[in-house]
Amino acid sequence: MSESFSTKPKVTSFEVAQKAGVSRSAVSRTFTDGASVSKETREKVIAAARDLGYRVNALARSLNRRRSDLVGVVAADMDNPFRAEQVDYLSRLLLQQGFRPILLRGDPSADVSAIIGQLLQYSVAGVIVTSDTPPQQICDECHACGVPLVTINKQDPGSPVDRVQCDFEMGGRLAYEHLRTQGCERLALVTPETASFTVAGRGKAFLAHCKGGGIPVEVFKQGRQHYDAGRTVAAQVADRWNDLDGVFCTGDYMALGLLDGLRQDHGLRVPEDLRLIGFDDIQQAAWAAYDLTTIRQSRQDLSAMAVELLVRRIDDPLLAPQVQILPVELVVRKT
């Protein structure tokens, strides 16, 4: 015995108007933010819409207005706790501002230009990019379309976009100074082989301060900014531990893998045999098993600054491109 399934016809605004005994324009005004409609009419329309199961087609309405309340969030490395927290903060803040976030993954193999191009087809109110730096061509296209584009921790694409980034140069200096105050004189830098703009900047700043202080430093590069890469590179660091006493790892996610590898795979004691400092201050860094000393960049503050720039750009499209730098701070724990 076969069963047939039917889809209930979509309720229209005309049907809502008939049931409420009002005009279609009254229905439209009821569901338009800031539109003028009497309390009595609004109550009638809402009651009729609820009874009929009517839902506003927000996307169709946005196409009529030529701009929606949708904001694209392009993010990569969602397995990294830092990125996951950042996207969570961005989504919450955008919702608080009356926007609807759309998350699109911008993994290393993905074409960020194509992703942003897809968003432009939906008349988005703006785009926030936390993955790869978008090419100048797509930035220019966003500018020509009047779509604000804000990047977080990305280099200047050479186009008029608003940017938020942490003070990675300050972070590299703080890492160097802390290791030196702990008596470390033979330092190492652990960083991904393919580092992002700010991650690479942290390492370069650290190396510059080592050179300026006349302190020898070894560089270990492995994989990407990931726990597994840290666990793998631990073998190389352990082989050299007699010649090292302090390590700066350019990201906490990688540093946790390094810490586990040094302790569990190679029997080294941290901080007794080797001191370690990370960067980011992800939640896991404070767990008792790690208690990682690190450089903190606030995901919440980065997100708030990005959303603020987006709203400011929407309100005043003629503003000169804005760049905001987020200070970082040392968080001293047990490593």
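**Asking how we know: loops, strands, helices and a cavity**

Tutor: Let's start with Pro 160, which sits in the loop between β4 and β5. Keep in mind that this is a predicted model.

Student: Why is Pro 160 called partly exposed?

Tutor: Its relative accessible area is 38%. Buried means under 20% and exposed means over 50%, so Pro 160, at 38%, counts as partly exposed.

Student: And what makes Asp 140 a contact of Pro 160?

Tutor: Contact means heavy atoms within 4.5 Å. Leaving aside neighbours within four places in sequence, Pro 160 is in contact with Asp 140, His 143 and Pro 321. Now try Ala 175: from Pro 160 it is 15 residues apart in sequence and 33 Å apart in space, C-alpha to C-alpha.

Student: Let's try another loop residue. Is Gln 284 buried or exposed, and how do you know?

Tutor: Gln 284 lies in the loop between β9 and β10 (293-296). The cut-off for buried is under 20%, and Gln 284 has a relative accessible area of 19%, so it is buried. Not counting residues up to four places away in sequence, it touches Pro 81, Leu 256 and Tyr 290.

Student: Now the strands. What makes β3 and β4 a pair?

Tutor: A pair needs at least two bridges. Strand β3 (residues 126-129) is joined to β4 by 3 bridges, so they pair, and they run parallel. One bridge partner of Ile 128 to look for in β4 is Val 150.

Student: How do you know that β4 pairs with β5?

Tutor: By the same rule of at least two bridges: β4 and strand β5 (residues 162-166) share 3 bridges, again in the parallel sense. Here Ile 152 has Val 164 in β5 as its bridge partner.

Student: What makes both faces of β4 count as covered?

Tutor: Look at the residues of β4 (149-152). Leu 149 and Thr 151 lie on one side, Val 150 and Ile 152 on the other, and all of them are buried.

Student: On to helices. Which residues of α7 are buried, and how do you know that they share a side?

Tutor: In α7 (residues 136-145), the buried ones are Ile 138, Cys 139 and Cys 142. They cover an arc of only 105 degrees around the axis, so they are on the same side of α7. That buried set packs against α6 (112-120) and β4. The face turned away from it carries the exposed residues Gln 137 and Ala 144. Just after α7, Gly 146 has a positive phi of about 75 degrees.

Student: Why would spacing along a helix matter?

Tutor: An α-helix has 3.6 residues a turn, so residues three or four places apart point the same way.

Student: What about α1: which residues are buried there?

Tutor: In α1 (residues 13-20), they are Ser 13, Val 16, Ala 17 and Ala 20. Seen down the axis, they fall within an arc of 100 degrees, so they line one face of the helix. They pack against α2 (24-30) and α3 (39-52). Just after α1, Gly 21 takes a positive phi of about 75 degrees.

Student: Last one: which residues line the largest cavity?

Tutor: His 178, Leu 179, Gln 182, Arg 275, Leu 276, Ile 277 and Thr 335. The elements giving two or more residues to that lining are α8 (168-181) and β9 (275-280), and β9 gives the most, with 3 residues. The cavity's volume is about 30 Å³.

Student: How does the lining split by class?

Tutor: It has 3 nonpolar, 3 polar and 1 charged residues.

Definitions and conventions: Residues numbered from 1 in each chain as written. Predicted model: local features only at pLDDT ≥ 70, side-chain atom pairs only at ≥ 80, totals over all residues. Heavy atoms only, no water. 1 Å grid on protein atoms, 1.4 Å probe; cavity = no way out; pocket = protein on both sides within 12 Å on 5 of 7 lines; lining within 4 Å. Points joined across faces, edges and corners; volume = space filled by probe spheres on them. Helix = DSSP H or I, 4+ residues; strand = E, 2+ residues; numbered from the N terminus. Nonpolar A, V, L, I, M, F, W, Y, C, P; charged D, E, K, R; others polar. Buried < 20%, exposed > 50% of the residue type's maximum accessible area, 1.4 Å probe, protein only. Arc of directions from axis to C-beta.
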